[in-house]
Amino acid sequence: MPTPSTETAERLFFAGKGGVGKTTMAVAAAAFYALHGRRTLLITTDPAAHIGRVLECEVGDEPMPVASVPGLDAARIDPRHETRRYKDMVLQGARERYGPDTVQRMQEELNSPCTEEVAVFRRFLDYLLTDLYQTVVFDTAPTGHTLRLLQLPISYSRQIAAKALGGQETGADEDAEARRMQDALTLLRDPSRTTFAFVVYPEATPIAEAARASAELREIGLETSLVLVNQVLPAEVCVHPLFQRRYEMQQRHLQEVSASFPGAEVRPVLLQERDVIGVRAVLCAAGEAFGGSEAASPVNLRPDAR
Ligand SMILES: Nc1ncnc2c1ncn2[C@@H]1O[C@H](COP(=O)(O)OP(=O)(O)O)[C@@H](O)[C@H]1O
Ligand SMILES: [Mg+2]
């Protein structure tokens, strides 16, 4: 069994372009941690995620137990739901403190497109900083969206700092927010607590795109520590010259990928015969990358899990 650098990770992020296998790997990692006795939460920040289809259960707006994996809860961050929830919360607070004109003005301001970003970000911070779970796995949206989310703690901290420097008073709420932002940055920047994993195909373009995103994360102090190279062809099936050549190409990329992600561990995941649906199938496909197939043994998984 390999000793994953992820062994005691408190927070894990799976990033990469659409379709490379982020959701599959995030489910595998979350199941791995839960089956090893850590209280684990799996969060998807991808509005287009089909995490419920992979887990074969309903995944809603609040964390709920995943029936097939003891110790695992899952939830999604749905921008529309979070925006509604945030607006309701702000307006309820406003009604208790201000008159109808002010409430009306706030209501209009809350219709701005920024509200969605703020609402999603606040919920993301809640899950990032929760102490209800030992491990939180984030299945993220395709690259650009995720970079934006991870850059926000810095933008917010800078804004609050600039305001304070400019001699403007910061209120108690803002001070609490500033502390949360600092806690988020400290956690995200500590590689012994947070693992950033990129999922790529063994092909030039996805590797280059992920390497660029990883370099952007490094600029804000977030180091990539794991690269999962997904859909690698198994050697024994590559008997036709076409597949032999693709196999050789993939192996070359596998050898070279670590140069694009300095300091990261590279782990291959083999191409499966069919789509990876159900926790057992996910652990079978990607379990090796997270500590070996014993994680999927019937002792750990509920017997009726696929
Ligand atoms: N190693 C693999 N072998 C075969 N199919 C895979 C493998 N990894 C992922 N898939 C399939 O590829 C599709 C995209 O995977 P998914 O995890 O949803 O990607 P993403 O979350 O990055 O968009 C899914 O249908 C999934 O079952
Ligand atoms: Mg996905």
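This passage describes the fold of a predicted model, the surroundings of its ligand and the packing of its helices.

The chain comprises 10 helices and eight strands, and of its 306 residues 37% count as buried. Among the contacts between residues at least 6 apart in sequence, 72% join residues that are at least 24 apart.

The eight strands are assembled into an open sheet with mixed pairing, in which they follow the order β3-β4-β2-β5-β1-β6-β7-β8. The edges of this sheet are formed by β3 and β8 (265–270), each of which pairs on one side only. In general, the strands of a sheet pair through backbone hydrogen bonds, and they may do so in parallel or antiparallel fashion. In this model, β1 (residues 11–15) and β5 (residues 135–139) run parallel and are joined by four bridges; Phe 14, for instance, has Asp 139 of β5 as its bridge partner.

Helices are packed on this sheet. Helix α1 lies across β1, β2 (40–44), β4 (72–76), β5, β6 (194–200) and β7, and its direction makes an angle of about 170° with that of β5. Helix α8 (residues 204–219) also packs on the sheet, where it touches β1, β6 and β7 and runs at about 160° to β6.

Helix α1 takes part in a further contact, this time with another helix. The axes of α1 and α10 (residues 279–286) come within 9 Å of each other and cross at roughly 95°, and the two helices are therefore roughly perpendicular, a description that applies to angles of 65 to 115 degrees. On the side of α1 the contact is made by Thr 24, Met 25, Val 27, Ala 28 and Ala 31, while α10 contributes Val 279, Val 282, Leu 283, Ala 285 and Ala 286. Nine of the residues in this contact are nonpolar and one is polar, whereas none is charged.

The surroundings of α10 were examined in the same model. Because six of its eight residues are buried, α10 is largely enclosed by the rest of the structure. The buried residues of α10 are Val 279, Ala 281, Val 282, Leu 283, Ala 285 and Ala 286, and they pack against α2 and β8 as well as against α1.

Ligand 1 is surrounded by 16 residues, of which Lys 22, Thr 23, Thr 24, Gln 272 and Asp 275 are the closest. Two elements, α1 (22–35) and β7 (224–232), each give two or more residues to this shell, and the largest share, three residues, comes from α1. By character, the shell around ligand 1 divides into nine polar, five nonpolar and two charged residues. Thr 24 thus appears both among the closest residues to ligand 1 and in the contact of α1 with α10.

Finally, two residues other than glycine have a positive value of the backbone angle phi. For Glu 56, phi is near 60°, and this residue is found in the loop between α2 (51–55) and β3 (64–65). Glu 56 counts as partly exposed because it has 15 C-beta neighbours inside 10 Å, whereas a buried residue would need 20 or more. For Gln 231, phi is about 65°, but this residue is found in a strand, β7. With 18 C-beta neighbours inside 10 Å, Gln 231 also counts as partly exposed.

Note on methods:
Residues are numbered from 1 along each chain as its sequence is written. Chains are lettered from A and ligands numbered from 1 in the order in which they are written. This is a predicted model: local features need pLDDT of at least 70, side-chain atom pairs count only at pLDDT 80 or more; totals for chains, interfaces and linings use all residues. A residue is buried if 20 or more other C-beta atoms lie within 10 Å of its own, exposed if 12 or fewer, and partly exposed in between; C-beta atoms are placed from the backbone. Two residues are in contact if their C-beta atoms, placed from the backbone, lie within 7 Å. A residue is near a molecule or strand if its C-beta atom, placed from the backbone, lies within 6 Å of it. Ala, Val, Leu, Ile, Met, Phe, Trp, Tyr, Cys and Pro count as nonpolar, Asp, Glu, Lys and Arg as charged, and the others, Gly among them, as polar. Axes are lines fitted to C-alpha atoms, for helices over the stretch in contact, and angles run from 0 to 180 degrees between N-to-C directions. Angles under 35 degrees count as roughly parallel, over 145 as roughly antiparallel, 65 to 115 as roughly perpendicular and the rest as oblique. Two strands pair if DSSP finds at least two bridges between them.
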